[in-house]
Amino acid sequence: MVEITPKTLIKPIRVLIIAKYEMVQESLKLLIEANKEFQVTGTYPFTHNVGKSANVADADVAVVYLSNDDRVEIISDLLRKIPGIRVVVLVAGVDLDSQADALKLGAVGIVQKEQNPKLLMEAIRQTYGGETWLNQVLLNKILERGKLPSKKSLKYSFESDTEFLTIRELEVIRMIGEGLKNKNIAERLFISEATVRHHLSSVYGKVGVEDRLNLIIFAYKRGLIELPESDG
């Protein structure tokens with residue numbers, strides 16, 4: 001008789017891979033499926049109509065490999081066909097403007113191909129959990145250059161009144177601006193991760209945003225956070 005434990009009941013995070021070249025597709029599949037936490041549901045080139053593939057709708061996260069001559073609009077195409085999927089972009093030689101465009105079009109995570117492969121795994125986990133994965137240096141550059149999603153796409157109003165935010169909520173916002181994850185915020189404030197999530201849900205509702213990235217942009221524009229000093 002097989003003993004059923006909570007661990008055996010956990011479903012893997014289902015990942016869809018989109019990349020131009022088959023070699024990249026297969027390499028990413030091997031890398032991701034080396035971790036039993038993930039299951040690759042399919043690998044597709046940019047030219048394939050993923051919306052017509054039966055196993056695509058089952059995916060939780062899409063990893064899109066973008067090089068400098070690829071159409072960044074693949075992200076919006078994908079989200080139209082699979083609403084709700086979380087898109088992580090793995091970029092290779094993609095300029096800052098194109099990375100900013102990827103965020104505008106709905107990507108919730110950006111990983112550089114030069115980074116440690118473990119960061120891609122963590123990006124998949126974090127975005128699957130509803131968070132945003134973004135290099136802090138990249139975010140600073142995007143904010144500095146004003147390459148931001150439009151007010152309409154951000155779904156918030158500059159008339160949102162921040163006076164209803166509590167002192168603890170403002171603390172959480174500042175730590176989000178530092179790039180801290182929920183676990184780190186919980187440790188610093190001596191509270192549980194569940195309490196951090198509760199504070200974030202409250203903040204999202206009060207200021208009218210839906211995720212960490214839009215919260216950072218909102219907070220930066222309202223003067224609630226400042227950009228860290230950069231060396232470059």
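Reader: Quick one to start: how many of the 7 residues of strand S3 are buried?

Author: In strand S3 (residues 61-67), 7 of the 7 are buried, so the rest of the structure largely encloses this strand. Buried means under 20% relative accessible area, exposed means over 50%, and partly exposed is in between (1.4 Å probe, protein chains only). Keep in mind that this is a predicted model: local features need pLDDT of at least 70, side-chain atom pairs count only at pLDDT 80 or more, and totals for chains, interfaces and linings use all residues. Residues are numbered from 1 along each chain as its sequence is written, and side-chain values use heavy atoms, with hydrogens and water left out.

Reader: Ok, and which residues sit on the two faces of S3?

Author: Val 61, Val 63, Tyr 65 and Ser 67 are on one side, with Ala 62, Val 64 and Leu 66 on the other, and all of them are buried. Strands here are DSSP runs of E with at least two residues, and helices are runs of H or I with at least four, numbered from the N terminus.

Reader: What does S3 pair with over 7 bridges?

Author: That's strand S4 (residues 86-92), in the parallel sense. Two strands pair if DSSP finds at least two bridges between them. Tyr 65 has Leu 90 in S4 as its bridge partner. Strand S1 (residues 13-18) also runs parallel to S3, joined by 4 bridges, and there Ile 18 stands opposite Val 64.

Reader: Which helix goes with S3 and S4 in the β-α-β unit?

Author: H2 does, and the unit is right-handed. A crossover gets that label if, with the strands pointing away from the viewer, the path from the first strand over the helix to the second runs clockwise.

Reader: Asp 77 is in that helix. What does its side chain make a polar contact with?

Author: With the side chain of Arg 80, at 2.4 Å. A polar contact is a pair of N or O atoms within 3.5 Å; within protein, one must be able to donate a hydrogen and the other to accept it, and residues adjacent in sequence count only if both atoms are side-chain atoms. Asp 77 belongs to H2 (residues 74-81) and counts as buried, at 16% relative accessibility.

Reader: Back to S1: how many bridges pair it with S2?

Author: 6, in the parallel sense. The chain gets from S1 to S2 through helix H1 (residues 22-33), and that β-α-β crossover is right-handed. In strand S2 (residues 38-44), 5 of the 7 residues are buried, so the rest of the structure largely encloses S2.

Reader: Switching topic. Where is Phe 190, and is it buried or exposed?

Author: Phe 190 lies in the loop between H8 and H9. The residue is exposed, with a relative accessible area of 76%. Its phi is near 60 degrees, a positive value in a residue other than glycine. Most residues other than glycine have a negative phi.

Reader: And Ala 194, how far is it from Asn 182?

Author: They are 8.7 Å apart in space, C-alpha to C-alpha, and 12 residues apart in sequence. Ala 194 is in helix H9 and counts as partly exposed, at 43% relative accessibility.
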